[in-house]
Amino acid sequence: MKLLALCREEEIGEGRARGFVFGKGVSRHDLVVVRRQGGVCVYVNSCPHQGTPLETFADKFLNEDGSLFVCSTHGARFRAEDGVCVSGPCVGKTLVVVPCDVRDGVVFVQL
Ligand code: FES
């Protein structure tokens, strides 16, 4: 398992999310970082319904109050704090959580 610095914590505002795509082939990663109620979570940017990326436009992942991810393909909604789908075609499924840690203001992920 590899520890990778993703971004500075301050780059992700409260109720905001940001996507990160890096690597190639089997080492390609498409991740989304969200800050909700002060905490930072990282998920694989792939809807559990059909495996598409959640967003259509860059970094447009969340509903208006920043509480839910909204899949742009069929509208599934996932809680920002735990990735659980609460409405849409995959209710009860979850986004894949990527283990993360914040150290000295930097968000690290374990890949
Ligand atoms: S692919 Fe996300 S709701 Fe269908």
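This passage describes the strand pairing, the salt bridges and one loop residue of a predicted model.

Residues are numbered from 1 along each chain as its sequence is written, and side-chain values use heavy atoms, with hydrogens and water left out. Because the model is predicted, local features need pLDDT of at least 70 and side-chain atom pairs count only at pLDDT 80 or more, while totals for chains, interfaces and linings use all residues.

It is convenient to begin with the sheets. Strands here are DSSP runs of E with at least two residues, numbered from the N terminus (helices, by the same scheme, are runs of H or I with at least four residues), and two strands are taken to pair if DSSP finds at least two bridges between them. Strands of a sheet pair through backbone hydrogen bonds, either parallel or antiparallel.

One open sheet has 3 strands in the order 2-3-4, with antiparallel pairing. Strand 2 (17-22) and strand 4 are its edges; each has a single partner strand, so one side of each is left without a neighbour in the sheet. The twist from one strand to the next averages 20°, where axes are lines fitted to C-alpha atoms (for helices, over the stretch in contact) and angles run from 0 to 180 degrees between N-to-C directions. Strand 2 is joined to strand 3 by 6 bridges, and F20 has L31 of strand 3 as its bridge partner. On to the next pair: strand 3 (residues 29-36) and strand 4 (residues 39-44) also run antiparallel, over 6 bridges, and here L31 stands opposite V44. L31 thus appears in both pairings, with F20 and with V44. The hairpin of strand 3 and strand 4 has 2 residues between the strands, and Q37 takes a positive phi near 50° in this hairpin.

Another open sheet is made of 3 strands in the order 1-9-8, again with antiparallel pairing. Its edge strands are strand 1 (3-8) and strand 8 (100-103), each pairing on one side only. Neighbouring strands of this sheet are turned by 30° against each other on average, direction ignored. Strand 8 pairs with strand 9 (residues 106-110) over 4 bridges, and C100 faces V109 of strand 9 as its opposite residue.

Attention now turns to charged side chains. With a salt bridge defined as a side-chain nitrogen of Lys or Arg within 4 Å of a carboxyl oxygen of Asp or Glu, the count comes to 5 salt bridges. Accessibility is given in three classes: buried is under 20% relative accessible area, exposed over 50%, and partly exposed in between (1.4 Å probe, protein chains only). Among the salt bridges is that of R8 and E10, at 3.7 Å from N to O; R8 is partly exposed at 36%, whereas E10 is exposed at 64%. R79 and D82 meet at 2.6 Å, with R79 partly exposed at 30% and D82 partly exposed at 29%. R103 and D101 meet at 3.0 Å; R103 is partly exposed at 42%, and D101 is partly exposed at 34%.

Finally, N63 deserves a look. This residue lies in the loop between strand 4 and strand 5 (68-70) and is buried, with a relative accessible area of 17%. Its side chain is joined to that of D65 by a polar contact of 3.2 Å, a polar contact being a pair of N or O atoms within 3.5 Å; within protein, one atom must be able to donate a hydrogen and the other to accept it, and residues adjacent in sequence count only if both atoms are side-chain atoms. Leaving aside neighbours within four places in sequence, N63 is in contact (heavy atoms within 4.5 Å) with L68, V70 and R77.
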